[in-house]
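Work through these exercises with the structure open. Try each task before you read its solution.

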Amino acid sequence: MTGRPDRELILDRDVEIIRGETTLSSDHATYWVSEDEVEVSGNVRMTRFGDRYTGDKMRIKMDTGVGYVTNTTYLMQESNGQGRADRINFEGEDKTQVVEGTYSTCEGPDPDWYIKASTLDLDTGREVGSAQSPVVYFKGVPILGAFSMSFPLSGARKSGFLAPT
């Protein structure tokens, strides 16, 4: 550990940061004390409210949960929703935006069906997801394209696209 404890801390090798419901681990981290912000890189893993994220680089404000992760995979505990993305923006405790990514409730690295979209807005508080420029794939074949669509993030009833179970 290096840096100035009143301003900036630089951590290397097997870094783990725990704050409330959020646990971050990585190879390297820089923590800015006055901003309560951390940037981690190398084997990034985060667990937040039961949801899991991995990626190359992450920057997040620890007090608000606002930030981002790049080149990421994710798994949402409540809905079993999962996917990959170029970037995920954390917009608060309940809201995330998946950029150039996928979403599916099929388990495993090669799901039978998935939605691929330029943006996916996932609101776990309202239990709804919405996609911009989505294409639904089944067994790797595009079967439905749309300008936008919404879908439930839970087993609750909703009109719109209903994810297979």
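**Exercise 1. Find the ring that R87 lies over, and place R87 in its hairpin.**

Solution. The model is predicted, so read each value as computed from it.
- Step 1: R87 lies over the face of Y68. The distance to the ring centre is 4.0 Å. A charge counts as sitting over a ring because CZ of Arg is within 6 Å of the ring centre and within 35 degrees of the ring normal.
- Step 2: Look for the bridge partner of R87. In β8, that partner is V99.
- Step 3: Widen the view. Strand β7 covers residues 82–90 and strand β8 covers residues 95–103. They pair in the antiparallel sense, over 5 bridges.
- Step 4: Check the turn. The hairpin of β7 and β8 has 4 residues between the strands. There, G92 takes a positive phi near 145°.

**Exercise 2. Follow β8 to strand β9, and say how many bridges join them.**

Solution.
- Step 1: Strand β9 spans residues 113–123. It pairs with β8 over 8 bridges, in the antiparallel sense.
- Step 2: Pick out one facing pair. T102 stands opposite K116 in β9.

**Exercise 3. Classify the aromatic pair of Y103 and F151: stacked, tilted or edge-to-face?**

Solution.
- Step 1: The structure holds 3 aromatic pairs. The rings of Y103 and F151 form one of them, with centres 5.0 Å apart.
- Step 2: Their planes meet at 35°, so the pair is tilted. Stacked would need planes under 30 degrees apart, and edge-to-face over 60.
- Step 3: Y103 lies in strand β8, while F151 lies in strand β13 (residues 148–152). The pair therefore ties together parts that are 48 residues apart in sequence.
- Step 4: Y103 has a relative accessible area of 0%, so Y103 is buried. F151 is at 1% relative accessibility and counts as buried.

**Exercise 4. Do the same for Y114 and Y137, starting from their ring planes.**

Solution.
- Step 1: The ring centres of Y114 and Y137 are 4.9 Å apart. The planes stand at 10°, so this pair is stacked.
- Step 2: Y114 belongs to strand β9 and Y137 to strand β11 (residues 135–138). The pair ties together parts 23 residues apart in sequence.
- Step 3: Both Y114 and Y137 are buried.

**Exercise 5. Describe the largest pocket: its space and its lining.**

Solution.
- Step 1: About 320 Å³ of space lies in the largest pocket.
- Step 2: It is lined by 15 residues. F49, D51, M76, E78 and T124 are the closest to its centre.
- Step 3: β5 (51–61) and β8 each supply at least two residues of the lining.
- Step 4: Sort the lining residues. They divide into 4 nonpolar, 4 polar and 7 charged.

**Exercise 6. Trace the hairpin of β2 and β3, and find the glycine with a positive phi.**

Solution.
- Step 1: Strand β2 holds residues 8–19, and strand β3 holds residues 22–32. They pair in the antiparallel sense over 10 bridges.
- Step 2: V15 stands opposite S26 in β3.
- Step 3: The hairpin has 2 residues between the strands. G20 takes a positive phi near 60°.

**Exercise 7. Is G42 buried, partly exposed or exposed, and how many Å separate its C-alpha from that of S148?**

Solution.
- Step 1: G42 has its place in strand β4 (residues 37–48).
- Step 2: Its relative accessibility is 24%, so G42 counts as partly exposed.
- Step 3: G42 and S148 are 106 residues apart along the chain. Their C-alpha atoms are separated by 34 Å.

Key. Residues are numbered from 1 along each chain as its sequence is written. This is a predicted model: local features need pLDDT of at least 70, side-chain atom pairs count only at pLDDT 80 or more; totals for chains, interfaces and linings use all residues. Side-chain values use heavy atoms; hydrogens and water are left out. Two strands pair if DSSP finds at least two bridges between them. On a 1 Å grid over the protein atoms alone, a cavity is a set of points where a 1.4 Å probe fits but cannot get out, and a pocket is an open set with protein on both sides within 12 Å along at least five of seven lines; lining residues have an atom within 4 Å of a point. Grid points are joined across faces, edges and corners, and a volume is the space filled by probe spheres set on the points. Ala, Val, Leu, Ile, Met, Phe, Trp, Tyr, Cys and Pro count as nonpolar, Asp, Glu, Lys and Arg as charged, and the others, Gly among them, as polar. Rings of Phe, Tyr and Trp (its six-membered ring) pair if their centres lie within 6.5 Å; planes under 30 degrees apart count as stacked, over 60 as edge-to-face and the rest as tilted. Buried means under 20% relative accessible area, exposed over 50%, partly exposed in between (1.4 Å probe, protein chains only).
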